[in-house]
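I set out below what I looked up in this structure, beginning with the fold and ending with the nonpolar core.

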Amino acid sequence: MIQDIRLFGDEVLRMPAEDVCDFGAHLQQLASDLLMTQAEAKAVGLAAVQIGVEQNVFSIDGSTVERRGRREVLVNPQVADSHGEMVEEEGCLSFPGIFVPISRPAWVAIRAQNLDGKEIVREATGYLARAYLHEIDHLRGRLFTDLMDADTRRDVIGKMRSLRARERSGPLARFFPFARTAS
Ligand SMILES: [Zn+2]
């Protein structure tokens with residue numbers, strides 16, 4: 001099912017997610033919800049906490065940024081290694097319409113499990129590396145605002161407060177036209 005995406009200000013976004021031990025029906029349902037909600041939002045990635053589930057799981061659709069990218073769900077992901085540095089505009093579905101240049105490693109290796117519990121490793125560069133790191137941050141209760149300088153952060157938080165005040169009456173998910181590169 002398509003789920004509501006939690007916005008900045010929702011305290012679940014600051015909760016560290018718990019590791020998954022049970023790879024049963026609940027996890028399969030969560031994975032399906034993530035993939036459907038992410039596709040509807042046309043996002044690169046979506047962390048379980050963004051739909052209010054404090055489980056260490058995220059979905060990613062690499063095909064949105066790379067021709068042969070995979071569309072999959074990663075469970076209990078960890079950053080195994082990273083190097084380099086790259087500054088690029090980054091968005092977040094929990095901050096609709098906001099894009100800010102953020103510095104992140106240019107290459108990353110992720111260790112995780114798939115939906116059957118099998119250990120997997122993924123390596124990525126560029127925007128896909130950025131998306132992996134962005135989603136893993138979500139699962140630790142971190143947001144991209146934590147990586148901004150103080151002035152930019154203040155500006156972004158101010159914009160989010162006025163957006164929430166303006167759109168209180170309707171589902172915000174319908175109001176962001178720039179979601180394609182958000183995660
Ligand atoms: Zn995000």
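**Fold and core**

I read the protein along its sequence and noted the pattern α-β-β-β-β-β-β-β-α-α. I counted three helices and seven strands, taking helices (H or I, at least four residues) and strands (E, at least two) as DSSP runs, numbered from the N terminus.

The model is predicted, and local features need pLDDT of at least 70, side-chain atom pairs pLDDT 80 or more, while totals for chains, interfaces and linings use all residues. Residues are numbered from 1 along each chain as its sequence is written.

I checked the overall dimensions next. The C-alpha trace spans about 45 × 40 × 30 Å along its principal axes. The radius of gyration, taken over C-alpha atoms, is 15 Å, which agrees with the value near 16 Å for a compact globule of 183 residues (rule: 2.2 Å times the number of residues to the power 0.38).

I then looked up burial: 34% of the 183 residues are buried (20 or more other C-beta atoms within 10 Å of the residue's own, C-beta atoms being placed from the backbone).

The largest nonpolar core (buried Ala, Val, Leu, Ile, Met, Phe, Trp, Tyr and Cys residues joined through C-beta atoms within 7 Å) has 40 residues, and Leu-34, Ala-48, Val-57, Phe-58, Leu-74 and Tyr-132 touch the most other members. Elements giving two or more residues to this core include helix H1 (25-41), strand S3 (71-83) and helix H2 (126-139). H2 supplies the largest share, eight residues.

Finally, I listed the contacts (C-beta atoms within 7 Å) of Leu-74: leaving aside neighbours within four places in sequence, they are Phe-58, Ile-60, Ile-110 and Ala-112.

Notes:
A residue is buried if 20 or more other C-beta atoms lie within 10 Å of its own, exposed if 12 or fewer, and partly exposed in between; C-beta atoms are placed from the backbone. Two residues are in contact if their C-beta atoms, placed from the backbone, lie within 7 Å.
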